[in-house]
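Visitor: I like to see the reasoning behind each label. Could you walk me through a few of them?
Guide: Gladly; let's look at the structure together.

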Amino acid sequence: MKISAIRIPCEDLEQAQDFYADVVGWKKLFGSSRDGYVGFELGEAIVLLEPAEPGEFETGRYLGFSVAVSNIATFYAEAQARGLVFTGPPAAQTWGGLMTHAQDPSGNTFSIVEDTGC
């Protein structure tokens, strides 16, 4: 088994599409705000941006996934320059890795971890 898709709820699909393409740097594969969904490539998985649904698929929460980068310090500096908001700088974790958290325009948060095997 493998992860096929990760869904992200968005308040403004157009803004989210621009954010994940231009600020985070993910490759858009399909869809648009008119279609009601946008798909991005993230390794072997697809990230689907979809409109939030109150009480069902809400924004403003920890999304529960981590994105691995080969050099977290470089990613942090470059992404911050593009406007990505982090909850803090990368920090050493008790499990031995480096991690930070990023926030999207809908208030969703996800983790960035360093994996030198990327």
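Visitor: What makes the contact of R7 and E50 a salt bridge?
Guide: In this predicted model, the side chains of R7 and E50 meet at 2.9 Å, N to O. The rule asks for a side-chain nitrogen of Lys or Arg within 4 Å of a carboxyl oxygen of Asp or Glu, so the pair qualifies. The two partners come from distant parts of the chain, with R7 in strand β1 and E50 in strand β4, 43 residues apart.

Visitor: Why is E50 called buried?
Guide: Its relative accessible area is 16%, and buried means under 20%, so the label fits. R7 has 42%; that value falls between the cut-offs of 20% and 50%, so R7 counts as partly exposed.

Visitor: What sits over the ring of F57?
Guide: The charged end of R7 does, 4.0 Å from the ring centre. The distance part of the rule allows 6 Å, and the charge must also be within 35 degrees of the ring normal.

Visitor: How many salt bridges does a search of the whole structure find?
Guide: Two. One of them joins the side chains of E44 and K2 at 3.9 Å, N to O, and the limit is 4 Å, so this pair qualifies as well. E44 lies in the loop between β3 and β4 and K2 in the segment before β1, so the bridge ties together parts that are 42 residues apart in sequence.

Visitor: Are E44 and K2 buried or exposed?
Guide: E44 has 65% relative accessibility and K2 has 61%. Exposed means over 50%, so both get that label.

Visitor: Now the aromatic rings. Why is the pair of Y20 and F110 called tilted?
Guide: The ring centres are 6.3 Å apart and the planes stand at 35 degrees. Pairing needs centres within 6.5 Å, and stacked needs under 30 degrees while edge-to-face needs over 60, so tilted is what remains. Y20 lies in helix α1 and F110 in strand β9, so the pair ties together parts that are 90 residues apart in sequence. Y20 is buried at 0% relative accessibility, and F110 is buried at 0% too.

Visitor: How do you know that F30 and Y37 form a tilted pair?
Guide: They are 6.2 Å centre to centre, with 55 degrees between the planes, which again fits the tilted range. F30 is partly exposed at 34%, as is Y37 at 36%. Together with L29, they form a nonpolar surface patch with about 250 Å² of accessible area.

Key. Residues numbered from 1 in each chain as written. Predicted model: local features only at pLDDT ≥ 70, side-chain atom pairs only at ≥ 80, totals over all residues. Heavy atoms only, no water. Patch = residues over 30% accessible without salt bridge, like charges linked within 9 Å, V, L, I, M, F, W, Y side chains within 5 Å. Areas by Shrake-Rupley, 256 points an atom, 1.4 Å probe, with all protein chains shown as cover. Phe/Tyr/Trp six-rings, centres within 6.5 Å; stacked < 30°, edge-to-face > 60°. Helix = DSSP H or I, 4+ residues; strand = E, 2+ residues; numbered from the N terminus. Buried < 20%, exposed > 50% of the residue type's maximum accessible area, 1.4 Å probe, protein only.
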